[in-house]
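Trainee: Could you take one part of this molecule and walk me through it slowly? I would like to see how a single piece sits among its neighbours.

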Amino acid sequence: MNKLEFSTAHMFFSCLFSDPKLTEKYSNLPSGIFYENDDKVIFEGMKHLYKQYRTFDLDTMKHYLKVTQFDNISNTLELVYFNGTIASNHGMYINTQYDHAKKFYLKKLAQDMEMQLEMGESDEVLKDLKEKIEKLESWKQQEGLPSVTSSFSWLYEKMCNEKDNEHTPKTETGYKALDEFIGALMPGQMHVIAARPRK
């Protein structure tokens, strides 16, 4: 990540610096919602210091994380600390971050599912998918966080359809890329293929 990039996660951290008491509200929030590794480290550091001392600031965070002035995390902490974000905006930032996290993990999960499907272990793939969805779904227990289920519903439906139809004869379209994308044509389905005309 670019040293000067200021993300939604950083805006949220700035809120916590402005009002460390907010950290208690998010004490059960998994650090995985911040999918960048440095952001996970920062959030875990904030939670640890608040739990132990009921406050934290720039110096205590740097000391706890044992960073030097040349570390990326040190630069990020300074940007976050001196940004001065209004603490009351924390809900807006964490909801936006949650949406980013859902999209990030959805893309990753889709890639993982595609690789596992190639091996034909559909039962194990479905089990793994459900476990990961349940894990992400648990994040919504934090006040104001939306449900993750709707974001994953299409993928779950796709997986179920592929399991139910894995032994059904399929008709190929003759276009390899298209067949790979839609899984070929199966009885009882209607496919509408359209494209935007070129100017």
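Mentor: Happily; what follows is a close look at helix H5 and its surroundings. Please keep in mind that this is a predicted model.

Let's begin with the whole chain. It has nine helices and zero strands, and reading along the sequence gives the pattern α-α-α-α-α-α-α-α-α. Of its 199 residues, 35% count as buried. If you take the contacts in the chain with a separation of 6 or more, 63% of them come from residues 24 or more positions apart.

Now find H5, which covers residues 72-83. You can check its length with a little arithmetic: at 1.5 Å a residue, its 12 residues should span 16 Å, and the C-alpha atoms at its ends are 17 Å apart, which agrees.

Which residues of H5 are buried? They are Ile73, Ser74, Thr76, Leu77 and Val80. Viewed down the axis of H5, these buried residues fall within an arc of 160°, so they line one face of the helix. A general rule helps here: an α-helix has 3.6 residues a turn, so residues three or four places apart point the same way.

What does that face pack against? The buried residues of H5 pack against three helices: H1 (8-18), H3 (37-53) and H4 (58-65).

Let's take H4 next. The axes of H4 and H5 come within 10 Å and cross at roughly 160°. An angle over 145 degrees counts as roughly antiparallel, and H4 and H5 are therefore roughly antiparallel to each other. The crossing of H4 past H5 is right-handed. If you display the side chains, look for Leu58, Met61, Lys62 and Leu65 on the H4 side. In H5, they meet Ile73, Ser74, Leu77, Glu78, Tyr81 and Phe82. Ile73, Ser74 and Leu77 may sound familiar, as they are among the buried residues of H5.

The loop between H4 and H5 holds a residue to pause at, Lys66. Lys66 has a positive phi of about 55° although it is not a glycine. Is Lys66 buried or exposed? With a relative accessible area of 73%, Lys66 is exposed, because anything over 50% falls in that class.

At the other end, just after H5, comes Gly84. Gly84 also takes a positive phi, of about 70°.

Next, step back along the chain to see how H4 sits against H3. These two helices pack at an angle of about 110°, and their axes are 10 Å apart. Angles of 65 to 115 degrees count as roughly perpendicular, and H3 and H4 are therefore roughly perpendicular to each other. On the H3 side, Val41, Ile42, Gly45, Met46, His48 and Leu49 meet Thr60, Met61, Tyr64 and Leu65 in H4. Notice Met61 and Leu65: they meet residues of H3, and they also appear in the list of H4 residues that meet H5.

The loop between H3 and H4 deserves a visit too. Arg54 is found there, with a positive phi of about 65° although it is not a glycine. At 48% relative accessibility, Arg54 counts as partly exposed. Thr55 lies in that loop between H3 and H4 as well, and is partly exposed, with a relative accessible area of 43%. Leaving out residues up to four places away in sequence, Thr55 touches Pro20, Leu49 and Tyr50. Pro20 is 35 residues from Thr55 along the chain, yet their C-alpha atoms are separated by 5.6 Å.

Finally, return to H5 and look for Phe6. Where does Phe6 lie? Phe6 lies in the segment before H1. It counts as partly exposed, at 30% relative accessibility. Not counting residues up to four places away in sequence, Phe6 touches Met11, Leu79, Val80 and Asn83. The C-alpha atoms of Phe6 and Val80 are separated by 8.1 Å, with their positions 74 residues apart along the chain. Val80, remember, is one of the buried residues of H5.

To put the picture together: the buried residues of H5 line one face, and they pack against H1, H3 and H4. H4 runs roughly antiparallel to H5, while H3 and H4 are roughly perpendicular. Try turning the model until you look down the axis of H5, and find that face for yourself.

How values were computed:
Residues are numbered from 1 along each chain as its sequence is written. This is a predicted model: local features need pLDDT of at least 70, side-chain atom pairs count only at pLDDT 80 or more; totals for chains, interfaces and linings use all residues. Side-chain values use heavy atoms; hydrogens and water are left out. Helices (H or I, at least four residues) and strands (E, at least two) are DSSP runs, numbered from the N terminus. The expected span of a helix is 1.5 Å times one less than its number of residues. Buried means under 20% relative accessible area, exposed over 50%, partly exposed in between (1.4 Å probe, protein chains only). The arc is that of the directions from the helix axis to the C-beta atoms. Contact means heavy atoms within 4.5 Å. Axes are lines fitted to C-alpha atoms, for helices over the stretch in contact, and angles run from 0 to 180 degrees between N-to-C directions. Angles under 35 degrees count as roughly parallel, over 145 as roughly antiparallel, 65 to 115 as roughly perpendicular and the rest as oblique. A crossing is left-handed if the near helix is turned anticlockwise from the far one by less than a right angle, and right-handed if clockwise.
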